[in-house]
Amino acid sequence: MTKVLLGPSDHNVWHVSDTEADLVRRPSPPLVAEIAAEPQRISIDLRRTACIIVDMQNDFCAPGGWLAHIGVDIAPARRPIEPLQRLLPRLRRVRVPVIWLNWGNRPDRLNLSPALLHVYKPNGRGVGLGDPLPASGAPVLEKGSWAAAVVDGLTPADGDIHVDKYRMSGFWDTPLDSILRNLGITTVLFAGVNLDQCVMCTLQDANFLGYDCILVEDCAATTSPDFCYEATLYNVKQCFGFVASSAALADAFTRTVP
């Protein structure tokens, strides 16, 4: 009797029929890429690798967005756009899943605690999470709004994966961990903003959950002072994973899949 595939991805699938359920996962042979990185050169299996892009959204990166409205210089937050434009086609060419991990609040803000709201609105006044931007009326970081959309210059492709988060870590109260595990992912590339906040918190949690973590240095940035950027790079290399450039990744992909 013909067996039918049952599962969310090629990496996590049963073969079933009326009389039998075959629970054996049959792994794909590894596709190994050797990458120049710090503190050591690394080898990864591209078939078990995904890239998470954190918060490259209008409210953080675009003129007229939330950070620009409150007087933050957004130029640093825009720096990852160009290297990501070059890296994303290469990731897709070697079939590395691209995951857009974007802040996307509920309209009623019932997924936000007072402690979280206080971070961005300490005296209860001004424009905080979910409040309308004066210039456009877009609710700050609300799912489906202009404010929460991916910034111009970066275009998600069909087949990319989208996950909404509501904390600095993308693993809290989201399906991110389940998605990665169903894809058979063990290695995660990290990019986006702010490096010392949402990127770092998500990377740390990934490390705590057992994922191998690689920060793509030139595809991540922060509007915080320079010492925050340097401290984050130090901590990633010292405690949580590896740091590599997009050029080193592209070179490794070219040598792996000409």
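This is a guided tour of a predicted model, stop by stop, with selections to make in the viewer.

**Stop 1: the pocket**

Select Asp10, His11, Arg47, Arg95 and Pro97. Of the residues lining the largest pocket, these lie nearest its centre. The full lining has 13 residues. The volume of this pocket is about 340 Å³. What is the make-up of the lining by class? There are 6 nonpolar, 4 polar and 3 charged residues.

**Stop 2: the nonpolar core**

Now select Ile52, Ile53, Leu91, Leu154, Leu180, Phe190 and Leu215. They belong to the largest nonpolar core, and they have the most contacts inside it. That core has 80 residues. As a general point, nonpolar side chains in soluble globular proteins tend to be buried together.

Stay on Phe190 and show what surrounds it. Which residues does Phe190 touch, leaving out those up to four places away in sequence? Ile52 is one of them. Val199, Thr202, Leu203 and Ala206 are also touched by Phe190. The list ends with Cys213, Ile214, Leu215 and Val216.

**Stop 3: the aromatic rings**

The model has 4 aromatic pairs. Select Trp103 and Tyr120 for one of them, an edge-to-face pair. The ring centres are 6.2 Å apart, and the planes meet at 90°. This pair links distant parts of the chain, with the two positions 17 residues apart in numbering. Trp103 sits in strand β7 (residues 98-103), and Tyr120 in helix α5 (residues 114-120).

Are the two partners buried or partly exposed? Trp103 has 1% relative accessibility, so it counts as buried. Tyr120 counts as partly exposed because its relative accessibility is 25%. Add Trp66 to the selection: ring pairs link Trp66, Trp103 and Tyr120 into a cluster.

**Stop 4: Met168**

Keep Trp103 and Tyr120 on screen and add Met168. Met168 touches both of those aromatic residues. Its other contacts, beyond four places in sequence, are Gln197, Cys198, Cys201 and Thr202. Thr202 is also touched by Phe190 from the core stop.

Where is Met168 in the fold? Look in the loop between β8 (161-165) and α6 (176-182). Met168 has 24% relative accessibility, so it counts as partly exposed. Draw a C-alpha to C-alpha distance from Met168 to Cys198: it should read 4.3 Å. In sequence, Met168 and Cys198 are 30 residues apart.

**Stop 5: Asp173, in the loop with Met168**

Move along to Asp173, in the loop between β8 and α6. Asp173 is not a glycine, yet its phi is positive, at about 60°. Its relative accessible area is 58%, so Asp173 is exposed.

**Stop 6: Leu141**

Next, select Leu141 in the loop between α5 and β8. Leu141 is another non-glycine residue with a positive phi, near 55°. Is Leu141 buried or exposed? It is buried, because its relative accessible area is 0%.

**Stop 7: two cis peptide bonds**

Select Glu38 and Pro39. The peptide bond joining them is cis, with omega about 5°. Pro39 lies in the loop between β4 (32-35) and β5 (42-45).

Then go to Val193 and Asn194, which are also joined by a cis peptide bond. Here omega is about -20°. Asn194 belongs to the loop between β9 (187-192) and α7 (195-208).

**Stop 8: Arg255**

Select Arg255 in helix α9 (residues 246-256). Which residues does Arg255 contact beyond four places in sequence? They are Glu34 and Arg41. Glu34 and Arg255 are 221 residues apart in sequence, yet their C-alpha atoms are 8.6 Å apart. Arg255 counts as partly exposed because its relative accessibility is 43%.

**Stop 9: Cys219**

Finish in strand β10 (residues 212-220), with Cys219 selected. Cys219 has 0% relative accessibility and therefore counts as buried. Show its contacts beyond four places in sequence: Pro80, Pro83, Leu84, Leu87, Ala191, Gly192 and Ser246. For a last distance, pick the C-alpha atoms of Cys219 and Asp59. They are separated by 18 Å, with the residues 160 apart along the chain.

Terms used: Residues numbered from 1 in each chain as written. Predicted model: local features only at pLDDT ≥ 70, side-chain atom pairs only at ≥ 80, totals over all residues. Heavy atoms only, no water. 1 Å grid on protein atoms, 1.4 Å probe; cavity = no way out; pocket = protein on both sides within 12 Å on 5 of 7 lines; lining within 4 Å. Points joined across faces, edges and corners; volume = space filled by probe spheres on them. Nonpolar A, V, L, I, M, F, W, Y, C, P; charged D, E, K, R; others polar. Core = buried A, V, L, I, M, F, W, Y, C linked by side-chain atoms within 4.5 Å. Buried < 20%, exposed > 50% of the residue type's maximum accessible area, 1.4 Å probe, protein only. Contact = heavy atoms within 4.5 Å. Phe/Tyr/Trp six-rings, centres within 6.5 Å; stacked < 30°, edge-to-face > 60°. Helix = DSSP H or I, 4+ residues; strand = E, 2+ residues; numbered from the N terminus.
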